[in-house]
Amino acid sequence: GQRPGEPGEPDLHDAGAVPAGPDPQARPARGGAGHGDPPDGGGGTGLRPERGGALRLAIPFLRSSTVLVLNGDSGCDLDLHEFFLTHLARSACASLALTWTEDARRFGRVKMQGHDRIAEFIEKGNADGPGWISAGVYLIQRELIAEFPPSTALSLEREVFPTWIPRGLFGFKTAGRFLDIGTPESYALANRELFQECVIAG
């Protein structure tokens with residue numbers, strides 16, 4: 001598999017499914033943040049998409065050294081190819097797609113330094129006002145996933161990403177549409193928007 005700075009394509013992997021094959025063409029990424037979930041993460045199975053333990057179980061299926069991870073409870077329009085090239089150019093240990101919101105309170109805010117290097121995560125509930133939030137689309141180096149303890153439930157955004165800040169964690173800002181389906185209200189709104197798109201396109 002490729003190393004940072006070398007050509008190649010990342011594995012496309014949703015932690016709740018069998019890894020899909022790589023697609024070098026830019027296209028919308030459908031995956032999401034998970035920030036709108038209850039604080040306990042729900043279920044307690046350790047197999048939700050935001051859980052690092054689920055990624056650790058996927059290690060035998062990951063063919064390249066850069067892995068694309070998608071959460072399953074939102075959607076984000078994102079140029080995956082540009083995201084990947086930027087990740088490699090920065091030699092990042094991990095990169096998070098970020099989207100702007102006028103109210104970050106329910107999601108938590110991501111604070112950055114120069115060159116979009118992530119400096120801090122502000123927990124949801126303490127992040128009033130506008131700001132950049134995680135869109136739930138990540139590029140992560142396989143070797144870091146291999147460090148996760150096996151069969152252990154880990155929240156990437158609460159327990160893992162903050163510890164990776166000194167290792168080179170970067171944000172990738174996107175202006176694409178972000179659809180959150182983490183609450184019944186936002187789920188209904190997303191369904192209406194997508195249905196209207198299908199009617200127009202049809």
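**View 1. Ser95, a buried residue in strand β4 of the predicted model.** Let's begin with Ser95: this residue is buried, with a relative accessible area of 1%, in a model that is predicted. Ser95 sits in strand β4. Zoom in on its side chain and you will find a polar contact with the side chain of His87, at 2.7 Å. Leaving out residues up to four places away in sequence, Ser95 touches Phe83, His87, Val137, Tyr138, Leu139 and Phe170.

**View 2. Phe84 in helix α2.** Helix α2 covers residues 80-89, and Phe84 is part of it. Is Phe84 buried or exposed? Its relative accessibility is 1%, and because buried means under 20%, Phe84 counts as buried. For a sense of distance, look for Thr66: its C-alpha atom and that of Phe84 are separated by 8.8 Å, while the two residues are 18 apart along the chain.

**View 3. The largest nonpolar core.** Which residues touch the most other members of this core? They are Ile140, Phe161, Trp164 and Leu169, out of 25 residues in the core. Several elements each supply at least two residues: β2 (66-70), β4 (94-101), β6 (118-122), β7 (131-141), α3 (142-145) and α4 (156-168). The largest share, five residues, comes from α4. As a general point, nonpolar side chains tend to be buried together in soluble globular proteins.

**View 4. Around Ile140, and a second core.** Here we stay with Ile140 and set aside its neighbours within four places in sequence. Its contacts then include Leu55, Ser65, Thr66, Val67, Val69, Cys93 and Ala94. Ile145, Phe161 and Trp164 are also in contact with Ile140. Apart from the largest core lies another one, of 17 residues, with Leu80, Phe83, Ile133 and Val137 among them. You have already met Phe83 and Val137, as both are touched by Ser95.

**View 5. Stepping back to the whole chain.** How many helices and strands does the chain have? There are five helices and nine strands, and along the sequence they follow the pattern β-α-β-β-α-β-β-β-β-α-α-β-β-α. Of the 202 residues in the chain, 49% are buried. Taking contacts between residues at least 6 apart in sequence, 74% join residues at least 24 apart. On the outside, the chain exposes about 9600 Å², and carbon and sulfur atoms supply 56% of that area.

Conventions. Residues are numbered from 1 along each chain as its sequence is written. This is a predicted model: local features need pLDDT of at least 70, side-chain atom pairs count only at pLDDT 80 or more; totals for chains, interfaces and linings use all residues. Side-chain values use heavy atoms; hydrogens and water are left out. A nonpolar core is a set of buried Ala, Val, Leu, Ile, Met, Phe, Trp, Tyr and Cys residues joined through side-chain atoms within 4.5 Å. Buried means under 20% relative accessible area, exposed over 50%, partly exposed in between (1.4 Å probe, protein chains only). Helices (H or I, at least four residues) and strands (E, at least two) are DSSP runs, numbered from the N terminus. Contact means heavy atoms within 4.5 Å. A polar contact is a pair of N or O atoms within 3.5 Å; within protein, one must be able to donate a hydrogen and the other to accept it, and residues adjacent in sequence count only if both atoms are side-chain atoms. Accessible areas come from the Shrake-Rupley method with a 1.4 Å probe; for residues, only the protein chains shown count as cover.
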